[in-house]
Amino acid sequence: MTIYLDHAATTAIYPAVAARLVEDMQKLGNPSSIHSLGQSARGMLESAREDLAGVLGCDRNEVIFTSGGTEADNLAIKGLYWKATNVDPQRNIIVSAYTEHHAVIDPIEWLEKFQGARVHWLGVDERGVLDLAELANFLAENSSQVALVSLMWVNNETGVLNDIERVVQIASSYQVPVHTDAVAAFGHTKVVFLPGLTAMSLSAHKVGGPVGVGALIVSRAAKMISVQQGGGQERDLRGGTMNAPGARAFASAAVLSAAKVHDEAASRQVLLDYLVEEVSKAIPSARFSRGSAPGIPDLAHFTFPGCSGDSMLYLFDQQNVCVSTGSACTAGVARASHVLLAMGRSEEEATGTLRISLGRDTTRSEIDEFLATLPAVHAAALKAGLTA
Amino acid sequence: MKVLAAMSGGVDSAVAAARAVDAGHEVVGVHLALSRNSGTLRTGSRGCCTIEDSMDAQRVSALLGIKYFVWDFSERFKMEVVDDFIQEYEAGRTPNPCMRCNERIKFAALLEKALALGFDAVCTGHYATLEEHDGNLELHRSPATAKDQSYVLGVLTTEQLKHVLFPIGAESDKATIRQEAADRGLAVAQKPDSYDICFIPDGDTQGWLGEKLQEEPGDIVDRNGRKVSSHTGTHNFTVGQRKGLHIEQPAKDGKPRYVLEIKPATRTVVVGPQAALAIKELGGQRFTWCGVAPQNPEIPFEAEVQVRAHAEPVACTAMLRDGELMVITHEPILGVAPGQTAVIYVGTRVLGQFTIDRTVSAVSPESDE
């Protein structure tokens with residue numbers, strides 16, 4: 001049997017959500033059509049918007065459905081940046097951190113390369129915790145030139161939980177908009193649309209919904225420019241025929257997973273603590289990447305000195321254990337993790353990484369099976385060395 | 001056997017992997033990521049090393065029902081192949097990076113890693129054959145003369161030969177391989193062959209080197225040391241080059257002049273008549289034997305030498321002398337530059353190879369007058 005411990009890459013869709021999705025996809029009607037079938041589809045979409053807003057504690061009008069987290073990040077970053085520079089060309093600094101997901105780093109670097117943006121990358125400590133004093137100092141000096149701050153809620157590789165409330169507090173005092181990529185946070189810690197937050201990205205398939213659906217929650221007060229024109233179906237910020245069945249499925253999964261976060265936080269933490277302790281016992285040289293930093297209870301990231309991540313991945317796969325070296329990336333190449341490099345680790349250390357991410361149904365016996373394969377995998381990977 | 005199929009994304013390695021599966025081996029496909037900037041899908045395929053090639057290899061693996069992984073050797077590749085390439089040009093030599101990649105990456109780093117991870121052998125889509133004689137493995141030319149790749153495998157050692165498989169090595173022509181790929185439903189059947197140097201995608205070696213190396217002006221001289229022109233850097237030249245010399249005075253014989261020698265220490269490029277490119281003797285300190293070494297290599301023996309991947313082999317007398325493997329050719333040969341690899345054959349067998357660091361012209365400088 002396959003042991004799947006890569007739920008941070010994608011996790012199983014709730015069976016009830018899948019069944020309903022299949023049913024809904026067979027219903028005829030475009031939410032923008034005026035006739036009765038169109039109105040039924042609209043009803044499906046808007047009920048989804050209300051349910052998701054209910055989970056997040058935001059206004060229903062603040063929910064913009066997208067094709068996923070990456071599109072949401074692009075819309076937030078480019079939309080906020082363009083609006084800010086459109087009003088005041090001097091306001092062209094983006095503040096972010098190099099531990100962000102590529103869905104945030106890449107649009108920022110694109111704006112830097114093609115649109116004249118300036119970027120201030122905040123530092124993190126060796127655990128991956130953001131230097132918020134630096135954020136406060138930077139904004140104190142430069143806030144009139146800052147277009148937006150974009151900082152993730154939870155890091156997708158290390159599971160570090162950032163103090164987004166504090167980020168919002170700092171930025172709000174300078175009236176600087178804040179975007180947060182909450183894709184890795186949603187379903188793993190309590191996520192609400194915090195007062196003062198400007199925009200927040202979410203993805204359905206990380207919480208038991210389908211791939212291809214996401215949302216950007218955009219404050220009603222936010223000033224942004226649309227990225228994708230063509231009908232302006234979603235509050236004039238996103239054109240394109242709306243995916244009502246997908247939105248419905250996302251909202252249903254969000255409701256189910258939010259309840260899970262609330263009810264099972266303690267038991268999941270016990271499971272993670274057990275995993276971290278047993279890995280340290282089995283492989284004393286292994287390092288739990290986030291150390292003492294606050295983090296989500298579903299993700300453990302380790303470095304194994306002297307091993308390369310791709311050797312370990314291959315060996316685990318031979319044992320039918322699916323894990324990851326970090327975030328899944330282009331063409332399946334296991335590269336040195338940019339997150340670990342940003343945390344000040346050496347290229348060598350950032351190559352020997354393993355991310356074990358737990359799902360809603362992960363059991364202790366699955367963890368035990370993983371732990372049983374670990375010593376032999378580690379020994380062989382050590383022998384194969386750092387050939388990368 | 002547990003076999004790692006090295007899959008470039010091209011048709012040869014795809015069919016090789018398929019045949020390894022047919023032979024009953026337990027096969028895992030591995031694509032080597034060799035560049036940190038392997039480009040995007042939009043830059044298309046080169047036959048190896050781009051993302052599109054990696055995806056082609058993955059698709060073939062799925063059709064063959066084997067597992068597939070991408071292993072990152074980009075750091076090793078940069079150090080062992082790319083940096084070596086630059087240093088060789090800096091030193092006035094003309095390196096063969098594909099050879100270096102076989103020597104240091106495919107049949108070294110990859111093979112070592114494969115053995116450490118429990119594989120018995122690495123299989124590739126090279127055209128060359130392995131033969132066993134008296135319990136010893138020998139590397140031989142492929143019967144497909146036009147595609148024969150034994151030259152670039154000349155760096156393999158006895159130990160490495162024990163752990164390699166060339167399932168398509170005895171195939172007589174490439175069309176058969178393409179047909180087989182099509183019959184197997186592999187989408188790479190009509191994919192063009194790879195060309196040029198993989199880390200110089202536009203094929204402009206001089207331009208690429210120009211970005212890496214500083215301009216260091218020097219003289220262009222004839223074989224008697226007389227200055228005939230000047231240049232901006234020795235890396236712009238390779239032995240045998242005729243164009244781009246910018247010599248204004250014509251030679252006495254009125255014929256074009258060619259680069260004969262590059263001396264980076266004095267930043268000098270030596271030019272002369274085409275006839276002077278003819279080489280009769282070459283040798284190198286850096287050599288390996290492929291398979292069992294001859295018992296008394298100090299005693300001169302008859303062989304053939306090949307100095308480029310698709311060059312004609314030339315009859316020669318070979319010997320080991322003062323720690324140098326060297327050959328004296330029976331006929332003068334053209335197109336020899338230090339840094340190139342000379343592979344020594346006895347019949348169809350690859351006996352060994354050396355990196356050329358010394359050549360002797362068949363024509364004396366006095367004849368330039």
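Modeller: A residue counts as buried under 20% relative accessible area, as exposed over 50%, and as partly exposed in between (1.4 Å probe, protein chains only). This is a predicted model, in which local features need pLDDT of at least 70, side-chain atom pairs count only at pLDDT 80 or more, and totals for chains, interfaces and linings use all residues. Residues are numbered from 1 along each chain as its sequence is written, chains are lettered from A and ligands numbered from 1 in the order in which they are written, and side-chain values use heavy atoms, leaving out hydrogens and water.

Biologist: How many residues apart in sequence are the parts that A:E349 and A:R287 tie together?

Modeller: These side chains form a salt bridge at 3.2 Å, N to O (a side-chain nitrogen of Lys or Arg within 4 Å of a carboxyl oxygen of Asp or Glu). A:E349 lies in the loop between α9 (338-342) and β12 (353-357) of chain A, and A:R287 in strand β9 (residues 287-288), so the parts they tie together are apart in sequence by 62 residues. Strands are DSSP runs of E, at least two residues, and helices runs of H or I, at least four, numbered from the N terminus. The separation asked for is thus 62 residues.

Biologist: Is A:R287 buried, partly exposed or exposed?

Modeller: The relative accessibility of A:R287 is 34%. By that value, A:R287 counts as partly exposed.

Biologist: Which residue does B:R141 meet in a salt bridge?

Modeller: B:R141 counts as buried at 18% relative accessibility, and its partner also counts as buried, at 7%. The two side chains meet at 2.8 Å, N to O, and the partner is B:D148.
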